[in-house]
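Work through the exercises below with the sequence and coordinates open. Each task is followed by a solution in steps.

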Amino acid sequence: MKWWWRYGQETPNLWKEVVNAKYGKLDNWCTKKNTAPHGVGPWKYINNMKDDFFQEVSFRIGNGTSVKFWKDKWLLNIPLKDSHPRLFLIATEPDSTVASNRDGNIWDIRFRRNLQDWELGEIFDLFKSLERFPVNSQTPDSLKWGESSKGVFSVKASYNRMNTIDVLTDPWPWKLIWKTKLPTKIKCFTWTALKNATLTLDNFKKKKIHLVNRCYMCQKESESVNHLFLHCPVAADLWHMFTAILGISWTIPYCLKGAVESWSLWKMNETINKIWQMIPACIFWCLWIERNSRCFDGTSTPNCSLKSKCLVNLFSWSNLSPVNDVIPLLDFIGSLSVA
Ligand SMILES: [Zn+2]
């Protein structure tokens, strides 16, 4: 975010020239997007934040030569193409700048045809907003961050804003991962899987690496995070084993995040609950290890042995918990039953 702010605000200098030479300049405010699958570089990752950055940014109009009249956010809190869609459809130059829609001190907006009756409301409304808008042709256009009058970017405000958006739009079940007693590497793996970032074959495809996509476990469906960890018959078998032990009925949700959240909804005593929360991660990890054995070593474990491995892993990890003494595996399985 900070680099996009600097890119838009700073006068031409060496680092901007280097970035422009490598990625190409799109306009005064950003570079072109690099979609090539090869090559790494900080700017490629910075580019991924561009949409989030421009969501928060509007433009202060100076001479109006660098801001798009219809497509940038400068007059209202959304671009004019969204607030006045009928007019945008008949605009002569959809990519024109603010300056090119002015003639001296007068607004001169050009359309491909005469306006119809049903478009008069929009044009009236647009001119009403424009007539109050001050134009200072002596200064260059600049960026404005957020809603405050100062409009200056700060990393802290940006961080807080992103956290607020995440909480409002996509509550993340972080406690169900990071508050468990699982080994750190299993927590990290689970977090990656829930973010749909595990290197399954469909995710390779998103990185423009094309491989034949066939699930290593069932050899029938294509491999995706949701299929491998939830809907593949081998995965479903593991889930069913635990629901049978626990004596509950549970429908496997569509996605991993939904599965972890719904798995956490049952209320039970504290000891079982701590173990219970580890089961999804345990299943994901066992399936991933088995999937990699089949993929890279050509060896496979029969389903019944995979179930045993999964139980043994859960047993060994649950003993990390101070509330659970070391107990034999069979007693441990019996102790899980909530029926
Ligand atoms: Zn499968």
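Helices are DSSP runs of H or I with at least four residues, and they are numbered from the N terminus. The model is predicted.

**Exercise 1. Place Q219 and N196, and state what is unusual about their phi angles.**

Step 1. Q219 sits in the loop between helix 11 and helix 12. N196 belongs to the loop between helix 10 and helix 11.

Step 2. The phi of Q219 is near 60°, a positive value in a residue other than glycine. For N196, also not a glycine, phi is positive at about 55°.

Step 3. Most residues other than glycine have a negative phi.

Step 4. Partly exposed covers the range between 20% and 50% relative accessible area. Q219 is therefore partly exposed, at 46%. N196 is partly exposed because its relative accessible area is 35%.

**Exercise 2. Which atoms coordinate the zinc ion, and what is the geometry of the site?**

Step 1. The donors are SG of C215, SG of C218, NE2 of H227 and SG of C232, at 2.1 to 2.4 Å.

Step 2. The angles among the 4 donor atoms run from 105 to 115°. Four donors count as tetrahedral if all angles lie between 85 and 135 degrees, and the site of the zinc ion is tetrahedral.

Step 3. Along the sequence, the donor residues follow the spacing C-x2-C-x8-H-x4-C. C215, in the loop between helix 11 (201–206) and helix 12 (225–231), and H227, in helix 12, are 12 residues apart and link distant parts of the chain.

Step 4. Both C215 and H227 are buried.

**Exercise 3. Describe the surroundings of R291 and find its salt-bridge partner.**

Step 1. R291 is located in helix 16 (residues 279–297).

Step 2. With a relative accessible area of 3%, R291 is buried.

Step 3. Setting aside residues up to four places away in sequence, R291 touches L199, T200, L201, Y216, M217, E223, L228 and F296.

Step 4. One of these contacts, E223, forms a salt bridge with R291, with the closest N and O atoms 2.8 Å apart. E223 lies in the loop between helix 11 and helix 12 and R291 in helix 16, so the pair ties together parts 68 residues apart in sequence. Like R291, E223 is buried.

**Exercise 4. Compare the burial of the partners in the salt bridges E119–R113 and K81–D82.**

Step 1. The count of salt bridges comes to 8.

Step 2. The closest N and O atoms of E119 and R113 are 2.8 Å apart. E119 is buried, at 3% relative accessibility, whereas R113 is partly exposed, at 34%.

Step 3. K81 and D82 meet through their side chains at 3.4 Å, N to O. K81 is partly exposed at 27%, and D82 is partly exposed at 43%.

**Exercise 5. Which residues have the most contacts inside the largest nonpolar core, and which elements supply the core?**

Step 1. The largest nonpolar core has 48 residues, and F229, W239, F242 and L287 have the most contacts inside it.

Step 2. Elements giving two or more residues to this core include helix 12, helix 13 (233–246) and helix 16.

Step 3. Beyond its neighbours within four places in sequence, F229 has contacts including F189, W239, F284, L287 and W288.

Step 4. Another core, of 35 residues, lies apart from this one, and W5, F53, W70 and W74 are among its members.

Technical notes:
Residues are numbered from 1 along each chain as its sequence is written. This is a predicted model: local features need pLDDT of at least 70, side-chain atom pairs count only at pLDDT 80 or more; totals for chains, interfaces and linings use all residues. Side-chain values use heavy atoms; hydrogens and water are left out. Donors are N, O and S atoms within 2.8 Å of the metal (3.2 Å for Na, K and Ca); water is not among the atoms, so sites may look incomplete. Four donors count as tetrahedral if all angles lie between 85 and 135 degrees; four count as square planar and six as octahedral if opposite donors are over 155 degrees apart and all others between 65 and 115; anything else is irregular. Buried means under 20% relative accessible area, exposed over 50%, partly exposed in between (1.4 Å probe, protein chains only). Contact means heavy atoms within 4.5 Å. A nonpolar core is a set of buried Ala, Val, Leu, Ile, Met, Phe, Trp, Tyr and Cys residues joined through side-chain atoms within 4.5 Å. A salt bridge is a side-chain nitrogen of Lys or Arg within 4 Å of a carboxyl oxygen of Asp or Glu.
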